[in-house]
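Work through these short exercises with the model on screen. Try each task before you read its solution.

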Amino acid sequence: MLFDYGQVLSGPPDAIAWARMRAVTGLGEDALHGAYWAFRHEYDRGALTGRAYWHAVARHAGVTFDAEQIAESLEADIALWTQLNLPMVEWSARLQRAGMRTGILSNIGDAIAEGLLARLPWLAGFDHCTWSYALQMAKPEAAIYVATAMAIKTPPAGILFIDDKEENIAAAESVGMRTIHYTGHTEFEDAMRVRGFGSLLEIGRDPKSTPVLSTPKPAPAAEPLAK
């Protein structure tokens, strides 16, 4: 079972963190929104570090940030993505307790990945996490799905991938993964049942349930890809 992180395991961006970011940067809503997303893909791909990303945001908005603003923006950006989607987090934990192999494939920059790992100890329960910056590639590039399948030691056809973006779902399907497009938890559970994966939802609730995609859990890799 392979999960996206943002807006699958996490909830929507935290409004309080976004307001803090606006206050720290001094930018209005439109200016911050435009600058925040203008360089996000390069940040996710590891072309920019967290600090370089925030300097690029400032240049795009026509301002400069001092060291304190950069540090506070980095912290606010981590907080923006730490509001959890508890039903999915709890379900992933049930799968892990049942012995199912689980992984994360997420587009994410270095500073945010480091911050999430420091704040969210339950991430260590996944067999493997692929954070895009570490591979210098990002969804929907096909190569990142292939690399993740190799790292999790499961052929693409044996992986069910869950993501909130249609283009990422299409890319996963192009390399042979099975997919569920996550648009909300009720819709997700409905889609799982329609696709014949309903028994997976009951793992950990009903001891008689059998994981339909289960494979033996591998020993931890000596040098796993960065989480």
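**Exercise 1.** Are tyrosine 36 and tyrosine 53 buried or exposed?

*Solution.* This is a predicted model. Step one: recall that buried means under 20% relative accessible area. Step two: apply the label. Tyrosine 36 is buried, and tyrosine 53 is buried too.

**Exercise 2.** Classify the ring pair of tyrosine 5 and tryptophan 131.

*Solution.* Step one: the structure holds 14 aromatic pairs. Step two: take the geometry of this pair. The ring centres of tyrosine 5 and tryptophan 131 lie 6.3 Å apart, and the planes stand at 90°, so the pair is edge-to-face. The cut-off for that class is over 60 degrees. Step three: place the partners. Tyrosine 5 sits in helix α1 (residues 5-9) and tryptophan 131 in strand β3 (residues 128-131), so the pair ties together parts 126 residues apart in sequence. Both tyrosine 5 and tryptophan 131 are buried.

**Exercise 3.** Do the same for tyrosine 36 and tyrosine 53.

*Solution.* Step one: the ring centres of tyrosine 36 and tyrosine 53 are 6.1 Å apart with planes at 85°, so this pair is edge-to-face. Step two: tyrosine 36 belongs to helix α3 (residues 29-38) and tyrosine 53 to helix α5 (residues 50-61), so the pair ties together parts 17 residues apart in sequence. Step three: look at the wider group. Ring pairs link a cluster that includes Tyr36, Tyr53, Trp18 and Phe65.

**Exercise 4.** How many helices and strands does the protein chain have?

*Solution.* Count each kind: 13 helices and five strands. Now check the overall form. The radius of gyration is 18 Å, close to the 17 Å that the globule rule gives for 227 residues, so the protein chain is as compact as a globular protein of that length.

Conventions: Residues are numbered from 1 along each chain as its sequence is written. This is a predicted model: local features need pLDDT of at least 70, side-chain atom pairs count only at pLDDT 80 or more; totals for chains, interfaces and linings use all residues. Side-chain values use heavy atoms; hydrogens and water are left out. Helices (H or I, at least four residues) and strands (E, at least two) are DSSP runs, numbered from the N terminus. The radius of gyration is taken over C-alpha atoms; the globule rule is 2.2 Å times the number of residues to the power 0.38. Rings of Phe, Tyr and Trp (its six-membered ring) pair if their centres lie within 6.5 Å; planes under 30 degrees apart count as stacked, over 60 as edge-to-face and the rest as tilted. Buried means under 20% relative accessible area, exposed over 50%, partly exposed in between (1.4 Å probe, protein chains only).
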